[in-house]
Amino acid sequence: SSPSPPPPSPPLARFVACDKQGAEGRIFVRPFLGGRFARAAVVKERFAKTYRHPDLDLKLRQARMVHEARCLVRCAREGIDVPQVYFVDERSMSLHLEFVDGWTVKEYLQRREGAATWDAVADAIGAAVAKMHDAGIVHRDLTTSNMMIRRHPRGAAAGGAGKRPRA
């Protein structure tokens, strides 16, 4: 039997505002693949730093991108909820990752009040970070803007646990 197609991704039109730029690169949402396998993907593109020697810059960006992809794959193998790595493009220095429909932890906490919410989120973050550390992975830039809470947690349709931050 042939593999079933992946579940449909959220419509891309509503994610145009996700385009952002940080110190290390640009992040934007674009379609990944096409036809019945089309889905939204986050593209994280590492741009060149003009103050570095071009050869050094290329090696640093490439090493950091590959390291990030490997860490995400290792986290997923350890059962940590991270976005799936779709594609690593060494020519354009970009990672193509699963789009996480949800909020950053910062956005989530700003919209909700109550100590119980903060306690639940803190417990979930602690559990995820502990799993990462048990796997020998250190995040190095762990902030509430770098963690997401899924709108629809994985396994929720099958009676899974509640919302959990992903590292």
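# Reading a predicted chain, feature by feature

From the N terminus on, the elements of this chain follow the order β-β-β-α-β-β-β-α-α-β-β.

Reader: Before I look at details, what kind of model is this, and how many helices and strands are in the chain?

Author: This is a predicted model, and the chain holds three helices and eight strands. Of its 167 residues, 35% count as buried, while the chain exposes about 10600 Å², of which carbon and sulfur atoms supply 55%. Among contacts between residues at least 6 apart in sequence, 54% join residues at least 24 apart.

Reader: How should I read a helix such as α3, and which of its residues are buried?

Author: An α-helix has 3.6 residues a turn, so residues three or four places apart point the same way. In this structure, helix α3 covers residues 115-134 and reaches 28 Å from its first C-alpha to its last, close to the 28 Å expected at 1.5 Å a residue. Its buried residues are Val-121, Ala-124, Ile-125, Ala-128, Val-129 and Met-132. Seen down the axis of α3, these buried residues fall within an arc of 130°, so they line one face of the helix. On the face turned away from that buried side, α3 carries the exposed residues Ala-115, Ala-116, Asp-123 and Asp-134. After the helix comes Gly-136, whose phi is positive, near 80°.

Reader: Which residues of the largest nonpolar core touch the most other members?

Author: In soluble globular proteins, nonpolar side chains tend to be buried together. Here the largest nonpolar core has 14 residues, and those that touch the most other members are Met-65, Cys-75, Ile-80, Val-82, Leu-95, Met-132 and Ile-137. Both α1 and β5 supply at least two residues of this core, and α1 gives the most, with six residues. A second, separate core of nine residues includes Trp-103, Val-105, Leu-109 and Val-129. Two residues from the buried face of α3 can therefore be found again in these lists, since Met-132 and Val-129 are both buried in that helix.

Reader: With which residues is Met-65 in contact, if its neighbours within four places in sequence are left aside?

Author: With those neighbours set aside, Met-65 is in contact with Arg-46, Val-88, Asp-89, Glu-90, Met-93, Ser-94 and Leu-95.

Reader: Turning to charged side chains, how many salt bridges are there, and which parts of the chain does the one between Glu-68 and Lys-44 link?

Author: The count comes to eight salt bridges, where a side-chain nitrogen of Lys or Arg must lie within 4 Å of a carboxyl oxygen of Asp or Glu. In one of them, the side chains of Glu-68 and Lys-44 meet at 3.0 Å, N to O. This pair links distant parts of the chain, with Glu-68 in helix α1 (residues 54-77) and Lys-44 in strand β3 (residues 39-46), 24 residues apart. Lys-44 counts as partly exposed because its relative accessibility is 23%, and a network of salt bridges links Lys-44, Arg-46 and Glu-68.

Reader: Are the partners in the salt bridge between Glu-98 and Arg-150 buried or exposed?

Author: Both Glu-98 and Arg-150 are buried, and their side chains meet at 3.1 Å, N to O. Glu-98 lies in strand β5 (residues 94-98) and Arg-150 in strand β7 (residues 148-150), so the pair ties together parts that are 52 residues apart in sequence.

Conventions
Residues are numbered from 1 along each chain as its sequence is written. This is a predicted model: local features need pLDDT of at least 70, side-chain atom pairs count only at pLDDT 80 or more; totals for chains, interfaces and linings use all residues. Side-chain values use heavy atoms; hydrogens and water are left out. Helices (H or I, at least four residues) and strands (E, at least two) are DSSP runs, numbered from the N terminus. Buried means under 20% relative accessible area, exposed over 50%, partly exposed in between (1.4 Å probe, protein chains only). The expected span of a helix is 1.5 Å times one less than its number of residues. The arc is that of the directions from the helix axis to the C-beta atoms. A nonpolar core is a set of buried Ala, Val, Leu, Ile, Met, Phe, Trp, Tyr and Cys residues joined through side-chain atoms within 4.5 Å. Contact means heavy atoms within 4.5 Å. Accessible areas come from the Shrake-Rupley method with a 1.4 Å probe; for residues, only the protein chains shown count as cover.
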